[in-house]
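Student: I've got this one open and I'd like to understand the labels people put on it. Can we go through them one at a time?

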Amino acid sequence: MQPLVAPCLDWAALAQRMRTRHDEIDDLMALLLDHADRSAGSKADLYHVAWLIACASLGDQHLWQDLGLPSRDALSALIAHWFPALKALNSGDMKWKKFFYRQLCLKEEILICKSPSCAQCSDQPVCFGPELPATAAQATPHLQAR
């Protein structure tokens with residue numbers, strides 16, 4: 001898999017969030033890098049992909065949309081390549097942003113979920129299930145291999 005660039009990602013919209021949420025970006029990068037496959041690519045590429053995913057996680061849409069990927073499956077393949085241990089942990093196929101933040105909460109022993117178990121939670125359809133684009137324009141792929 002080639003290193004990634006996100007030329008069409010709306011970085012201007014994320015700029016303010018990135019300025020005020022450095023700790024969150026650092027935590028997300030640490031989560032990703034703790035589960036990285038060091039043989040998936042160069043160290044620089046690995047950090048670049050982790051940084052892109054961490055920053056895009058601050059966006060308002062589904063992560064695959066914020067990254068400009070064509071589908072959630074494309075995001076899952078990306079994560080499986082660079083962060084296979086993290087992909088394996090998401091055995092229930094939770095939506096990626098929710099999964100990342102749940103992992104951060106579990107690490108800090110902060111339980112913010114409505115229920116002790118996802119199977120018993122009334123929000124299960126929000127956390128699991130299909131992620132459909134709100135419009136066809138949002139599904140346009142922008143993240144390209146270089």
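**How the labels are earned**

Tutor: Sure, and let's begin with H3, in what is a predicted model. H3 has 14 residues and spans 20 Å from its first C-alpha to its last, close to the 20 Å expected at 1.5 Å a residue.

Student: What makes 20 Å the expected value for H3?

Tutor: The expected span is 1.5 Å times one less than the number of residues. With 14 residues in H3, that comes to the 20 Å quoted. H2 (residues 22-34) works in the same manner: 13 residues, a reach of 18 Å, and 18 Å expected.

Student: Which residues of H3 are buried?

Tutor: Asp45, Leu46, Val49, Ala50, Leu52, Ile53, Ala54, Cys55 and Ala56. In H2 the buried ones are Glu24, Ile25, Leu28, Met29, Leu31, Leu32 and Leu33. Over the whole protein, 40% of the 146 residues count as buried.

Student: Why is Ser57 called buried?

Tutor: The cut-off is under 20% relative accessible area. Ser57 has 4%, so the label buried applies. Ser57 sits in the loop between H3 (43-56) and H4 (63-66). Setting aside neighbours within four places in sequence, Ser57 is in contact with Leu28, Leu63, Lys97, Phe100 and Tyr101.

Student: And His81, why is that one called partly exposed?

Tutor: Partly exposed runs between the 20% and 50% cut-offs. His81 has a relative accessible area of 24%, so it belongs in that class. His81 is part of helix H5 (residues 72-82).

Student: What does the side chain of His81 reach?

Tutor: The backbone oxygen of Ala40, at 3.1 Å. A polar contact needs N or O atoms within 3.5 Å, so 3.1 Å passes on distance. As for the backbone there, the C-alpha atoms of His81 and Gly41 are 9.4 Å apart, although 40 residues separate them along the chain.

Student: How do you know that Lys97 and Asp66 form a salt bridge?

Tutor: The rule asks for a side-chain nitrogen of Lys or Arg within 4 Å of a carboxyl oxygen of Asp or Glu. Lys97 and Asp66 are at 2.5 Å, N to O, so the pair qualifies. Lys97 lies in helix H7 (residues 96-107) and Asp66 in H4, so the bridge ties together parts 31 residues apart in sequence. Both partners are buried.

Student: How many salt bridges does that rule give?

Tutor: The count is 2. Arg72 and Asp93 also pair up, at 2.7 Å, N to O. Arg72 is in H5 and Asp93 in the loop between H6 (84-89) and H7, so this pair ties together parts 21 residues apart in sequence.

Student: Are Arg72 and Asp93 buried or partly exposed?

Tutor: One of each. Arg72 has 10% relative accessibility, under the 20% cut-off, so Arg72 counts as buried. Asp93 has 38%, between 20% and 50%, so Asp93 counts as partly exposed.

Student: Zooming out, what is the order of the elements?

Tutor: From the N terminus, the run is β-α-α-α-α-α-α-α-α-β, with 8 helices and 2 strands in total. Among contacts between residues at least 6 apart in sequence, 70% join residues at least 24 apart. The accessible surface is about 8,100 Å², and 56% of that belongs to carbon and sulfur atoms.

Key:
Residues are numbered from 1 along each chain as its sequence is written. This is a predicted model: local features need pLDDT of at least 70, side-chain atom pairs count only at pLDDT 80 or more; totals for chains, interfaces and linings use all residues. Side-chain values use heavy atoms; hydrogens and water are left out. Helices (H or I, at least four residues) and strands (E, at least two) are DSSP runs, numbered from the N terminus. Buried means under 20% relative accessible area, exposed over 50%, partly exposed in between (1.4 Å probe, protein chains only). Contact means heavy atoms within 4.5 Å. Accessible areas come from the Shrake-Rupley method with a 1.4 Å probe; for residues, only the protein chains shown count as cover. A polar contact is a pair of N or O atoms within 3.5 Å; within protein, one must be able to donate a hydrogen and the other to accept it, and residues adjacent in sequence count only if both atoms are side-chain atoms.
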